[in-house]
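Student: Could you choose a single part of this model, look at it closely with me, and then follow its links outward into the rest of the chain? I would like to understand how you reason from one step to the next.

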Amino acid sequence: MKKYQLFRIALFLTLFAVILLPSCTRDKNRRIAGELRYGYVSELTTLDPLNPKNTADGRSILFNVFEGLVRPHMDGTFIPCIAESWTIEQDGLVYNFTLNENIYFHDNTPLNSNDVKFSLEAAIAAGFDGLNNIEEINILDEHKIVIKLKNKDPDFLPFLTVGIVKANNTNRERVIIGTGPFFIENYNPQRNLELKKFHNYRQSNLPYLEKVTIVFFANYDALMVAFRGGSIDGAFLTGAMAAQLDHRHFDIFNNNSAAVQLLALNNAAAPLDDLRVRQAINYAVNVQEIIDAAFFGSGSPSGSPIIPGLSVYYENSLSYQYNPQMAQTLLSQAGYNNTNRLSLEITVPSNFTMHVDTAQVIVSQLEKAGINASIKMVDWSTWLSEVYFGRRYQATIISLDSPIVSPRGFLNRYHSNDGNNFINFNNADFDRVYDAVLTETDVSARIRLYKEAQRIITENAASVYIQDILYFITFRGGAFGGALNYPLYVIDFASIYGISNN
């Protein structure tokens with residue numbers, strides 16, 4: 001047996017032991033903790049919760065600072081937050097909200113209906129998906145508000161997780177005032193962001209932590225050095241990274257990323273504007289081999305643009321089966337052969353080790369199908385400006401999350417008119433099906449439409465869909481616990497507590 005195989009088996013056994021380790025036995029008592037230093041490898045694009053251009057990591061941080069009318073529960077349902085209750089009338093056209101009277105902003109001023117109306121109208125103006133269906137917002141009194149929709153939308157509630165800010169706050173990048181369990185005390189770009197406990201939070205028993213310092217690293221290699229060296233207390237790691245840690249000194253909890261990792265293809269850039277080429281690339285990629293080689297076998301394979309965790313809506317029959325011969329046949333039909341090989345440049349954000357590792361495996365796989373692939377590594381700000389916003393690329397590897405607990409949060413970016421459609425997917429059938437979802441009130445019909453939308457995307461090989469990465473929330477051993485697993489890419493710092501062994 002090769003040394004490489006023996007090494008992987010040893011790592012697997014280590015990771016398996018880590019995952020099964022009953023670290024919760026250390027949680028004899030929850031206690032208020034002083035500071036948690038937590039590592040990130042990408043920063044916020046904006047501190048404004050009403051700016052839809054934020055990154056997934058940015059939204060995960062602001063989840064702790066701003067709150068919406070409702071908030072997601074771990075099972076995917078929605079529970080009261082700023083709104084303590086609501087009723088739905090006129091067959092889904094009117095939503096009546098009663099606000100919690102015990103909610104204060106971080107400057108200790110009470111929240112009222114004017115703040116909610118201002119925030120929602122600002123989010124509509126900013127182009128938040130789903131909120132453009134609001135026809136009017138009426139204030140009944142300081143704590144009662146009515147939202148009337150233009151059209152029925154049975155999937156409207158998930159969009160009301162958008163953060164509420166103080167009325168008339170138009171300088172939200174500098175005046176960062178929410179109602180969440182933490183407020184931002186200090187932000188040093190490319191270094192750290194400090195969250196402090198809000199002592200007037202609506203839930204008096206939360207948060208347990210007095211302070212969270214988010215430390216930004218250039219890449220995961222630097223983060224791992226800091227973690228093992230003790231300069232940070234926790235991080236969000238992939239299986240291959242978690243396997244490098246000594247389980248005697250770290251507590252590790254599994255947690256899906258709730259995001260789809262994909263080889264995104266720019267459908268408007270030659271030669272990827274040819275369906276046969278995109279399909280060939282799909283047949284040339286072996287997803288399980290990627291998960292085995294780059295993620296230590298930990299991941300949920302997905303042939304769909306939505307996560308498998310949305311099981312009611314997820315269509316599980318869409319994956320392209322690995323078939324390099326079929327890939328070569330399609331490439332031949334598109335005019336490529338051994339003397340005229342297809343070239344593909346894959347742009348990868350260098351700070352995400354898991355995406356770099358994935359790219360390396362894919363380059364090797366594409367070579368077997370007769371495709372010359374190369375990797376272009378760029379920093380995070382360059383990736384955002386050139387790839388995501390500028391759309392100047394051929395292919396890229398990234399994970400795409402949903403800002404809401406709904407298939408729409410994954411699918412809306414494929415609509416031809418959506419500003420976040422950075423892969424330039426343009427398909428009239430998909431637009432028709434997606435538009436039909438917005439007004440369909442029958443649950444079973446909505447499920448069928450969601451599955452049809454996924455089928456159209458996959459059959460047209462919009463991109464190569466790989467997996468929902470299995471991450472591990474990892475803490476310094478015997479120090480912290482309580483991290484919750486949401487069907488969103490977020491980390492709830494308010495739930496994390498210190499561990500007392502007394």
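Tutor: A residue counts as buried when its relative accessible area is under 20%, as exposed when it is over 50%, and as partly exposed in between. With that in mind, and remembering that this is a predicted model, let us start at K144, which has its place in strand β8. Its relative accessible area is 39%, which falls between those two limits, so K144 is partly exposed.

Now look at what surrounds this residue. Once its neighbours within four places in sequence are left aside, K144 is in contact with F97, T98, S113, N138 and I139. The fold also brings K144 to L99: the two are 45 residues apart along the chain, while their C-alpha atoms are separated by 6.1 Å.

Staying with strand β8, we come to K148, which forms a salt bridge with E135, and the closest N and O atoms of this pair are 3.9 Å apart. Since a salt bridge asks for a side-chain nitrogen of Lys or Arg within 4 Å of a carboxyl oxygen of Asp or Glu, that distance is why the pair counts. E135 lies in strand β7 (residues 134-141) and K148 in strand β8 (residues 144-149), so the bridge ties together parts that are 13 residues apart in sequence. Both partners are partly exposed, for E135 has a relative accessible area of 45%, and K148 has one of 29%. Side chains of opposite charge can pair when their charged atoms come close.

It helps to set another salt bridge beside this one. E121 pairs with K117, the closest N and O atoms being 2.9 Å apart. Here the partners are 4 residues apart in helix α3 (residues 113-126), so they are separated by about one helical turn. E121 is partly exposed at 38% relative accessibility, and K117 is partly exposed too, at 23%.

The loop that leads to this helix also deserves a look, and P110 is found there, between β6 (94-99) and α3. Not counting residues up to four places away in sequence, P110 touches I103, Y104, F105 and D115. The C-alpha atoms of P110 and K166 are separated by 9.6 Å, although these residues are 56 residues apart along the chain.

From here we can follow the contacts inward. F97, which we met as a contact of K144, is also in contact with L160. Leaving aside neighbours within four places in sequence, the other contacts of L160 are G68, L69, V70, L120, L131 and I147. L160 is in turn among the residues with the most contacts inside the largest nonpolar core, which has 152 residues; L69 and I147 are also in that group, as are I281, I346, L366 and F493. Apart from this core lies another one, of 6 residues, including F198, Y201, Y208 and Y497.

For a last step, let us widen the view to the whole chain. A search of the whole structure finds 21 salt bridges, and one of them joins R59 to D401, with the closest N and O atoms 2.3 Å apart. This pair links distant parts of the chain, for R59 is in helix α2 (residues 56-62) and D401 is in strand β17 (residues 395-401), 342 residues apart. R59 is partly exposed, with a relative accessible area of 24%, whereas D401, at 5%, counts as buried. So we may return to our starting place with a fuller picture: K144 is partly exposed, it touches F97, and F97 touches L160, which belongs to the group with the most contacts inside the largest nonpolar core.

Methods
Residues are numbered from 1 along each chain as its sequence is written. This is a predicted model: local features need pLDDT of at least 70, side-chain atom pairs count only at pLDDT 80 or more; totals for chains, interfaces and linings use all residues. Side-chain values use heavy atoms; hydrogens and water are left out. Helices (H or I, at least four residues) and strands (E, at least two) are DSSP runs, numbered from the N terminus. Buried means under 20% relative accessible area, exposed over 50%, partly exposed in between (1.4 Å probe, protein chains only). A nonpolar core is a set of buried Ala, Val, Leu, Ile, Met, Phe, Trp, Tyr and Cys residues joined through side-chain atoms within 4.5 Å. Contact means heavy atoms within 4.5 Å.
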